[in-house]
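Dear colleague,

I am handing over the structure below, together with some notes on what turned up when I went through it. Please read them with the sequence and the structure open beside you.

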Amino acid sequence: TRGNWMTPADEVGPAYPGFLSKGMPASEKRLTRLDLAEWLVSDENPLPARHFSNRLWKQFFGKGFSNILDDLGNQGEWPSHPELIDWLAAEFRDSGWDVKHVVRLIVTSETYCQIAAENEELGELDPANRLLSEQSPRRLDAEFVRDNALAIAGMLGDDGIGGPPIQPYQPEDYWANLNFPERKYQASAAPDQYRRGLYTRWQRTFVHPMLAAFDAPSREECSADRFQSNSPQQALVLLNDPTFVEAAKVLASRLEKEVPGGSDAEKIKRAYLLALSREPTAKELEKLMAFLEKLRKEDPTVDPMEQLCRVVLNLHETITRF
């Protein structure tokens, strides 16, 4: 009673939330978690399907139908396409809650397949692109930034699911202030070092610095969405983090193997195809060729192709979805 667990009171048994289940007949049996699960996905309850469809849409378009992911109620944001979220939620439910079916519907749609072009007229009419007249470019999430660099270099580990956490490279003594007990950080060896960022060990209040730089949440509280910032530290991570330096070295070796005896221009084109899925423009090619020549003249001790690969991995387009 009033929070005092030692005061005798009436026992409160499992039940559906009263304000969401008005009119439901009283149950003669003691309800279980299975009853709750079946009630959540019943035809009479459209909320879970709508909520999931909204989050799934956000995964592919950068924003949900309602951009407030954790509140689809009256205090949230009204959906930009109310009929579409209703239809998608119904399709999800009627397909037997088939996630792959809904994903396939979204990624094969003409809306998703649009390019992200800078149209000044559209920018003035719809600056947030809520009408989806073109694709919305956005930076990869923190874990994917690392995975992307490893994939471009051909280093990304196996696709096995689960297993113990990995420990990517991080600055020495980053955990120095952790006590009770004192913890030592030992970077994982290959091949675990190159597994997906999803499996990175998570230390509360000491988020891996690469993930923290790219706005990964601390997980100290629930985070339905991620804030994205642009800071100089992010460029420094892409240039100096041991994972990205290593990826640049391996990418340079990959170019030598895949373009044996090729010219600088051919290797640059191959690097662009691997990183950006396109060839460089004439202006980009000219600048990168000049960059290589400058390196060869000014510092013969460095590998110019490795430095070029560091530039490619640092490009805005490399870490951005278009």
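Which helices and which strand do the buried residues of helix 8 pack against? In this predicted model, they pack against strand 1 (138-139), helix 6 (142-153), helix 7 (209-213), helix 9 (242-258) and helix 12 (304-314). The buried residues of helix 8, which spans residues 232-240, are Q234, V237 and L238. They lie on the same side of helix 8, because they cover an arc of only 95° around the axis. An α-helix has 3.6 residues a turn, so residues three or four places apart point the same way.

Two residues other than glycine have a positive phi, and their surroundings are worth setting side by side. N129, with phi near 55°, is placed in the loop between helix 5 (120-125) and strand 1, and N129 is buried, since its relative accessible area of 11% falls under 20%. S277, with phi of about 60°, lies in the loop between helix 10 (264-276) and helix 11 (282-298), and S277 counts as exposed because its relative accessibility of 67% is over 50%.

A cis peptide bond, with omega about 0°, joins A190 and P191, and P191 is found in the loop between helix 6 and helix 7.

Lastly, P8 sits in the segment before helix 1 (33-40) and is exposed, with a relative accessible area of 74%. The C-alpha atoms of P8 and E221 are separated by 33 Å, the two residues being 213 residues apart along the chain.

With best wishes

Methods. Residues numbered from 1 in each chain as written. Predicted model: local features only at pLDDT ≥ 70, side-chain atom pairs only at ≥ 80, totals over all residues. Heavy atoms only, no water. Helix = DSSP H or I, 4+ residues; strand = E, 2+ residues; numbered from the N terminus. Buried < 20%, exposed > 50% of the residue type's maximum accessible area, 1.4 Å probe, protein only. Arc of directions from axis to C-beta. Contact = heavy atoms within 4.5 Å.
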